[in-house]
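Here's a walk through one protein model, written for someone who would rather be at the bench. Have the sequence and the 3D view open as you read.

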Amino acid sequence: MNDNIKSVIIGTGHYAPINIIPNDHFLEHSFYEKNGEAIVRGNTEIISKFQDITEIEERRYADPDQRASDLGFLAAQNAIESSGIDPEKLDYIIAAHNFGDIAPGSTRPDVLPTIGSRIKHKLGIKNPDCVAYDLPFGCPGWLQGMIQADYFIRSGDAKYILIIGTETLSRVIDPHDRDSMIFADGAGATILEGKQNSAAGILAHKTQTHTHEEAYYLYSARSSNPDADSQEQFIKMDGRKIYEYALKNVPLVIQQALQKSDTDITDVKKVLVHQANGKMDEAILKRLFKLYGYRDTPPNVMPMTISTLGNSSVATIPTLLDLIMKNRMQDHQFESGDRIVLASVGAGMNINAMVYQF
């Protein structure tokens, strides 16, 4: 690895579908427990409690004629435009997702050809040395793509890499599972460039995979409604175990990334955490600062989009990053010299964290 090369963000983009789905969209749903028993509490109470816990008020769903590769293409196109580079110069396209392209009314993934290849085709890139591939890694997939890109760049193998996170989770949610209200559709993208002797760039990162007891905290299974089609498979989760797992482990992984980059918690200007659950993210941040002996967290250190965009899995962090870099989030900006943390947790169970300096 060449320590004189840094992976620097030179372009960002995102795409949020235009269809806004408020919480009252779910008022007429029939909800069941995972054991198939009907939930007797009224939907107004269920939705109110859901909003209190997750802080989600609305989310975005893709149009019927849009697939994950379409959303990823739009985000990638946006990132390329903001970078100003010729897309033919890209050495890699890394497409993070978990379910591929899914048609409305089906839960069957379509990943042949890969999402990366589909997006490269949509971009019109002819260069065969631009290698496109997919990365399924749960919600931390986009950040893991950034980590892989950093290795490619610092090895000298690549100079420009496009990393995309795209998902249409609305196609794989069980309408009879109250947990389905957390998920959304969207895409985000980032372009990294290898630069010699740059102060800005990726400083350090850390990844962990926990499977001994945690592998199936997120999984695929049939509908909670015992009368529903038994052939369809939907995304399911054990929310309480995920919450406890994330609260225990995510702060420790972030701390390791900070230690690798010789960064003190007081030097962190922003913490961009995967937008999974508002209350959980706030608890993670509080636990992180507690590791350093701080009882309270600084104001405005953790920007959030979950209330309006929901949990779009691999798309949440790159979307958040793009909004801030383009001055579209009030009270949140990046200045030269700022150090930020990016962190995610999700199916696998996987956790990763990165320290980046502007």
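## The tail end

Phenylalanine 358 has a relative accessible area of 18%, so it counts as buried, the cut-off being under 20%. Keep in mind that what you're looking at is a predicted model. You'll find phenylalanine 358 in the segment after strand 13, which covers residues 350–357.

What does phenylalanine 358 touch, leaving out residues up to four places away in sequence? Its contacts are Ala200, Leu321, Met325, Phe334, Glu335, Ser336, Gly337, Asp338 and Ile340. If you want a distance to try in your viewer, go from phenylalanine 358 to phenylalanine 152: the two sit 206 residues apart in sequence, and their C-alpha atoms are 20 Å apart in space.

## The overall build

Zooming out, the protein has 8 helices and 13 strands. Its C-alpha trace spans about 60 × 50 × 40 Å along the principal axes. For 358 residues, a compact globule would have a radius of gyration near 21 Å, and the protein comes in at 20 Å, so the two agree.

How much of the protein is buried? Of its 358 residues, 58% count as buried. The contacts also reach a long way along the chain: among those between residues at least 6 apart in sequence, 79% join residues at least 24 apart.

## Salt bridges across the chain

Side chains of opposite charge can pair when their charged atoms come close. How many salt bridges does the structure hold? The count is 12.

One of them joins lysine 34 to aspartate 179, with the closest N and O atoms 3.0 Å apart. That pair links distant parts of the chain, 145 residues apart: lysine 34 is in the loop between strand 2 (19–22) and helix 1 (43–54), while aspartate 179 is in the loop between strand 6 (160–168) and strand 7 (185–196). Lysine 34 has 42% relative accessibility, so it counts as partly exposed.

Another salt bridge brings together lysine 236 and aspartate 174, at 2.7 Å from N to O. This one also links distant parts of the chain, with lysine 236 in strand 10 (residues 234–237) and aspartate 174 in the loop between strand 6 and strand 7, 62 residues apart. Are these partners buried or exposed? Lysine 236 is buried, with a relative accessible area of 3%, and aspartate 174 is buried too, at 1%.

## A small network around arginine 118

Arginine 118 belongs to helix 3, residues 115–123. Its side chain meets that of aspartate 110 in a salt bridge, 2.7 Å from N to O. Asp101 joins in as well: Asp101, Asp110 and Arg118 are linked in a network of salt bridges.

Arginine 118 has 15% relative accessibility and so counts as buried, whereas aspartate 110 is partly exposed, at 35%. Leaving out residues up to four places away in sequence, arginine 118 touches Ser69, Asp101, Asp110, Val111, Leu112 and Pro113.

## The largest pocket

The largest pocket has a volume of about 990 Å³. It is lined by 41 residues, and the closest to its centre are Asp179, Ile182, Met237, Asp238 and Gly239. Asp179 should ring a bell: aspartate 179 is the salt-bridge partner of lysine 34.

Which elements give two or more residues to this lining? They are helix 1, strand 9 (218–221), strand 10, helix 5 (239–260) and strand 12 (339–346). Helix 1 gives the most, with 5 residues. Sorted by class, the pocket lining has 21 nonpolar, 11 polar and 9 charged residues.

## One enclosed cavity

There is also 1 cavity of 30 Å³ or more, and the space in the largest cavity comes to about 70 Å³. Of the 13 residues lining the largest cavity, Ala16, Asp185, Leu309, Ser312 and Thr319 are the closest to its centre.

Strand 7 and helix 8 (316–325) are the elements that give two or more residues to the cavity lining. Strand 7 has the largest share, with 3 residues. By class, the cavity lining breaks down into 5 nonpolar, 6 polar and 2 charged residues.

How values were computed. Residues are numbered from 1 along each chain as its sequence is written. This is a predicted model: local features need pLDDT of at least 70, side-chain atom pairs count only at pLDDT 80 or more; totals for chains, interfaces and linings use all residues. Side-chain values use heavy atoms; hydrogens and water are left out. A salt bridge is a side-chain nitrogen of Lys or Arg within 4 Å of a carboxyl oxygen of Asp or Glu. Helices (H or I, at least four residues) and strands (E, at least two) are DSSP runs, numbered from the N terminus. Buried means under 20% relative accessible area, exposed over 50%, partly exposed in between (1.4 Å probe, protein chains only). On a 1 Å grid over the protein atoms alone, a cavity is a set of points where a 1.4 Å probe fits but cannot get out, and a pocket is an open set with protein on both sides within 12 Å along at least five of seven lines; lining residues have an atom within 4 Å of a point. Grid points are joined across faces, edges and corners, and a volume is the space filled by probe spheres set on the points. Ala, Val, Leu, Ile, Met, Phe, Trp, Tyr, Cys and Pro count as nonpolar, Asp, Glu, Lys and Arg as charged, and the others, Gly among them, as polar. The radius of gyration is taken over C-alpha atoms; the globule rule is 2.2 Å times the number of residues to the power 0.38. Contact means heavy atoms within 4.5 Å.
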